Amino acid sequence: MTSSGTSPSGLPGSAAWELLLPAADAPARARGRSLQEALRAAVRSGLLVPGTRLPSSRDLAADLGVSRGLVTEAYEQLTAEGYLRSGRGAGTWVGGAARAAHPRARDLAPRSPGAVADFLPGTPDLSLFPRAAWAAAQRAVLAELPHHALGYPDPRGLPRLRTALAELLARRRGVVADPERLVVVSGVAQATTLLGHVLHARGMRGIGVEDPGSPEHGSLHSSAGLDAVPLPLDDEGLGLDGLRASGVRAVVTTPAHQFPCGIAYSAGRRTELLDWARSVDGLVIEDDYDGEFRYDRAPVGALQGLDPERVAYTGSVSKSLAPGLRLGWLLVPESLADEVVERKRTMDLGHPALDQELFARFVERGDYDRHLRRCQRAYRERRDALVAALEEHFPGAEVSGIAAGLHVIAALPERYGPQDRFLERMSAAGVAVRPLTDFAHARVRGADVRLVMGYAQLSPARIEAGVRLMAEALVA
């Protein structure tokens, strides 16, 4: 390197020069490609700035100990791509098209806030994921799968998986499960969006949602061009007076275990809801997000089983196995089936075939049933632990909602309010909790403290310790 900071060939900058040196040591067959990649990287990173004159191909080849033809080819290739520019008799220069790259990959996945005690709802215990059984199914599928099965799949899903799911859902959730009307999707979010696009194409512009309800529904419907119309609940489920007055002809519900209030729709309300759908030629979208988990009795069967032509049924493995699998299902009325399938085809050409084959085998061999039984036992124990801890550390607290799912509603006595002050103290103590008001459309703050507390992701010991920490934070 010369005293002016250039290489022997005149290449500016020691860092840029050193970036090219490994290309000379690459295997002969890869040397040209390595040099091209090194030059691109130097331009993208800004080590070689626009306007920099590069050494002649003869000089650079001599410095690197490679053939002149290899350097000439690299210059020609990068000139064609726009990284370099050249003129007859004027040499080769760094072009101005490329900009410095910023290759850092950010992780935008939703994460727990890293609290000392995390009672945020909606997360299963991911440590319960059946890794050994899943790995065994994966090995078997890879060994047995014919080559043609790796082609583009049926956009509805593989027949093997649709058949296995239809039997599973009929047996466990009481749905009317025709495999020809079952679509494999990447979770309830995609199912909701698919239905939204189809309803929008049919002229609908508004869709009813439970209030309080899932905060994600608004953005999902908006992406499909639909306005979410909040509809109030009562003790039996969705209020029919508000539904009728709204003018909507489609509504999203969680009748088996309303999220977040935790009630199960009464038999009368389920009947009234279907009568409404028939009277307006409408559609009920049933989100059966955690219908598998009921701890005091057998789960109430899906609403779809009462009228499969007025109810679109959707569910997923997000609460039972893991949300990262992005695997779910949608059962649609016959009148919507073709349009939903066509929308699914144009959206992604179908769910990944390997994942479908794997889950089909997992269901067929009874592994999924065994996993659900394991989770059922664990979550029931954890719910009992949370109820007991609240009784001990917050005397007078009331836990509402059916004994089901992955969360409870805890209403604390008035002396623990107002809610804003309570939440400030929880945050200062490192306790992550969400109030019920966060799930209401208006999101108003009240004096009463009503919490939506998730427990599935916590061991009984951590639940007890977390609730004790909550109580201590209020007297500190």
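# Close-up views of the predicted model

**View 1. Helix H4 (residues 68–81) lies across E1, E2 and E3 and runs at about 110° to E2.** Helices (DSSP runs of H or I, at least four residues) and strands (DSSP runs of E, at least two) are numbered from the N terminus. "Across" implies contact, meaning heavy atoms within 4.5 Å; axes are lines fitted to C-alpha atoms, for helices over the stretch in contact, and angles run from 0 to 180 degrees between N-to-C directions. This is a predicted model, in which local features need pLDDT of at least 70 and side-chain atom pairs count only at pLDDT 80 or more, whereas totals for chains, interfaces and linings use all residues. Residues are numbered from 1 along each chain as its sequence is written, and side-chain values use heavy atoms, with hydrogens and water left out.

**View 2. The strands beneath this title form an open, antiparallel sheet in the order E1-E3-E2.** Strand E1 (53–54) and strand E2 (84–87) are the edge strands, each pairing on one side only. Pairing requires that DSSP finds at least two bridges between two strands. E2 and strand E3 (residues 91–94) are joined in the antiparallel sense by four bridges, and Gly-87 faces Gly-91 of E3 across the pair.

**View 3. Eight strands make up an open sheet of mixed pairing, ordered E5-E12-E11-E10-E9-E6-E7-E8.** Strand E5 (182–185) and E8 occupy the edges with a single partner strand each, so one side of each has no neighbour in the sheet. Strand E11 (residues 311–316) pairs with strand E12 (residues 328–331) in the antiparallel sense over four bridges; Ser-316 is placed opposite Gly-328 of E12.

**View 4. A right-handed β-α-β crossover leads from E6 through helix H8 (residues 217–223) to E7, the two strands being parallel.** Right-handed here means that, with the strands pointing away from the viewer, the path from the first strand over the helix to the second runs clockwise. Strand E6 (residues 206–211) and strand E7 (residues 227–234) share six bridges, and Val-209 stands opposite Pro-230 of E7. E7 also pairs with strand E8 (residues 237–238), in the antiparallel sense and over two bridges. Leu-233 has Leu-238 of E8 as its bridge partner, and two residues separate the strands of this E7–E8 hairpin.

**View 5. Helices H6 and H11 both lie across E5 and E12.** H6 also lies across E11 and runs at about 105° to E5. Helix H11 (residues 334–348), which additionally lies across strand E10 (283–287), runs at about 25° to E5.

**View 6. Helix H6 (residues 159–173) packs on helix H13 (residues 367–393) at an angle of about 35°, with the axes 12 Å apart.** Their crossing is right-handed (the near helix is turned clockwise from the far one by less than a right angle). H6 contributes Leu-168, Arg-171 and Arg-172 to the contact, and H13 contributes Tyr-368, Asp-369 and Leu-372. By class, three of the contact residues are nonpolar, none is polar and three are charged (Ala, Val, Leu, Ile, Met, Phe, Trp, Tyr, Cys and Pro count as nonpolar, Asp, Glu, Lys and Arg as charged, and the others, Gly among them, as polar).
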